[in-house]
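Trainee: Could you take me on a close look at one part of this model? I would like to follow a single helix and see what packs against it.

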Protein chains: 2
Amino acid sequence: MCVIGAGLIGGSLLRAAEKAGRAVWGTSASQDTAAQARADGFDVTTDTDAALHRAAAADALVVLAVPLPALPDVLHRVDAVAPTCQLTDAVSVKVAVADTVARFAPRARYVGGHPMAGTAESGWAAGHAGLFADAAWVVVADDGLDLQVWADVAELAWACGARVVPAAADEHDLAVARVSHLPHLLAAVLATVGAASEDELALALAASSFADGTRVAGTRPELVLAMCEGNHDALLAAVDDALGRLGVLRGALASTGGLAATVRAGHAGRQRWAATRDPQGVHVRLTGAAPLAALRDIGRRGDAVVGWTD
Amino acid sequence: MCVIGAGLIGGSLLRAAEKAGRAVWGTSASQDTAAQARADGFDVTTDTDAALHRAAAADALVVLAVPLPALPDVLHRVDAVAPTCQLTDAVSVKVAVADTVARFAPRARYVGGHPMAGTAESGWAAGHAGLFADAAWVVVADDGLDLQVWADVAELAWACGARVVPAAADEHDLAVARVSHLPHLLAAVLATVGAASEDELALALAASSFADGTRVAGTRPELVLAMCEGNHDALLAAVDDALGRLGVLRGALASTGGLAATVRAGHAGRQRWAATRDPQGVHVRLTGAAPLAALRDIGRRGDAVVGWTD
């Protein structure tokens, strides 16, 4: 298995896959990162072509673990050196990556992935083998993709301790816009409103509700921008939904002074989320008339794939 | 000292003040609560008039620790039994309480207070003596109030382990609208948007950014409504600020696709908040030409009063 990129995600993948007993090698665009990884005993080079040649020879899975803007250059090398490789990725949006793969490495056997783990940290040193333990790992289940590659990506996720959530690429993007990207924008708005006074009274009085509501505003802006701007269309819909609900709330507060509808709906939503914290693990087989449609239904139910049916 | 109400806040006040060596008694409207408190060794009755008679005889400080809607009835008894008592409160809005006191117990020597501590729990059993340790305790410093009562309330806060943040009542309400009430409304909006899909995919994928951003949406709706609706005017201004910023963000996303201004402002706001976490403790004396104006300036600087100048 060949991992392109050795930052937080790529570096954690290298560690987790090696710990699971897999043959794994990687690349980094940074001499420093590659040297750090080698010092820790990992087979990481800056020579992307050499790593991809090796993947082509072994028909190994290639995992793209670089930010969205770096993908075209990497995919150009994939198409030149390992054009029909098994390919997946760990980028947080899925439609944009699929479009980029279709454009720059159209012969690759691509199945998109998104391990939903991460911290505010970044870089090789922040990675660790346990990063994906008990995390959801979305594996795209759009019609027409290669079932053998799907199975390989699922087994990689399980080897890393994650559970597999199958989803259509566009449904993934709409979902993460609502539950991952919108939280970053609302946190930014809240932090800005809290800090809007010239004096320090409001910030001095800000306690746990403000601390929790703005925590992700502490993330490096570059990471937030890459993530949110890469999911433009789905995020716009989520922002419009939030704007509409905030406008309704504003109207109710200004007219009747009552906020019950807003507060009760939020409470119900939070409880519905809490009820999803222990997903049912199901076993599947990739056969039947429409195996990918069946997989997508599992994700829509909030369940997760944890192994193969005997 | 006489505490009216023995829920989370009143019950914690009784425990903290007794632990600090003060003579303290209280009342509860609930037979069950009063019995629980007595079983734990506290002098708590359901006979509000008797408790207030005792306060009048001893010129003891009376602390209102009941929700805003319960205040008129309690203040009616104060005016009948202990009309000129030293009076403070622990309610989370300050202009509305001052107006209610002025209407129902106009002779009381009132100085508003707001200990900024609490949990999602409520009731006598949830209280504990350490609830106010290291918390900010706003003591209203509007012109015209009784400096002796101000000093007594400050000493109560210190006895409970809190630091005193002096503020004008209206400035307090604007501040908590931004950093305490708005977070509850944005959490409700986020939880509602996250749960808006018919299928469970989005909630299943919701991880730490959603968990933190919606945490306070798990609070009992009645508590959130009492707090937010009681701060109507200030909250409306905070909601309008958030709406405006979210609208600007929406426009930027739809036109240029860029979110840098929003994300960077949020990051800066969060950092500015983090820098206020270790407030400077100052010592004061309640003399000079305008001691209350000097106190308000301390709060506006983000500092806190921790004792008297020798």
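Mentor: Happy to; let's follow helix α7, within its own chain and across to the partner chain.

A word on the ground rules first. This is a predicted model, where local features need pLDDT of at least 70, side-chain atom pairs count only at pLDDT 80 or more, and totals for chains, interfaces and linings use all residues. Residues are numbered from 1 along each chain as its sequence is written, while chains are lettered from A and ligands numbered from 1 in the order in which they are written.

Now the setting. Chain B superposes on chain A by a rotation of 180° with 0.0 Å of shift along the axis, at an RMSD of 0.0 Å (a least-squares fit on the C-alpha atoms of residues with pLDDT of at least 70 in both copies). The two copies are thus related as by a two-fold rotation axis. B:Gly213 has the C-alpha nearest that axis in chain B, 2.3 Å from it.

The chains meet through 85 residues from chain B and 85 residues from chain A, where contact means that C-beta atoms, placed from the backbone, lie within 7 Å. On the chain B side, helix α7 (residues 169-194) gives the most, with 19 residues. That side of chain B has 50 nonpolar, 19 polar and 16 charged residues. Here Ala, Val, Leu, Ile, Met, Phe, Trp, Tyr, Cys and Pro count as nonpolar, Asp, Glu, Lys and Arg as charged, and the others, Gly among them, as polar. Since 100% of the interface residues of chain B are also interface residues in chain A, the copies meet through the same surface.

Start inside chain A. Helix α7 (residues 169-194) packs on helix α11 (residues 232-255) at about 60°, with the axes 8 Å apart. Helices here are DSSP runs (H or I, at least four residues), numbered from the N terminus; axes are lines fitted to C-alpha atoms over the stretch in contact, and angles run from 0 to 180 degrees between N-to-C directions. The pair α7(A) and α11(A) is therefore oblique, given that under 35 degrees is roughly parallel, over 145 roughly antiparallel, 65 to 115 roughly perpendicular and the rest oblique. Their crossing is right-handed, the near helix being turned clockwise from the far one by less than a right angle (anticlockwise would be left-handed). Among the residues that meet are A:Leu182 and A:Leu185 of α7(A) and A:Ala238 and A:Ala242 of α11(A). By class, this contact divides into 11 nonpolar, one polar and two charged residues.

Next, cross the interface. α7(A) also packs on helix α11 (residues 232-255) of chain B, at about 130° with axes 10 Å apart. α7(A) and α11(B) are therefore oblique to each other, and the crossing is right-handed. A:Leu185, A:Val189, A:Thr192 and A:Val193 of α7(A) take part, facing α11(B) residues that include B:Asp241 and B:Arg245. Seven nonpolar, one polar and two charged residues make up this contact.

Finally, look at the chain B copy of α7. Its axis and that of helix α12 (residues 260-274) of chain A come within 7 Å and cross at roughly 55°. This crossing is left-handed. Contact residues include A:Gly266, A:Gly269 and A:Trp273 of α12(A), together with B:Ala188 and B:Ala191 of α7(B). The classes here are eight nonpolar, five polar and one charged.

How values were computed: Two residues are in contact if their C-beta atoms, placed from the backbone, lie within 7 Å. Helices (H or I, at least four residues) and strands (E, at least two) are DSSP runs, numbered from the N terminus.
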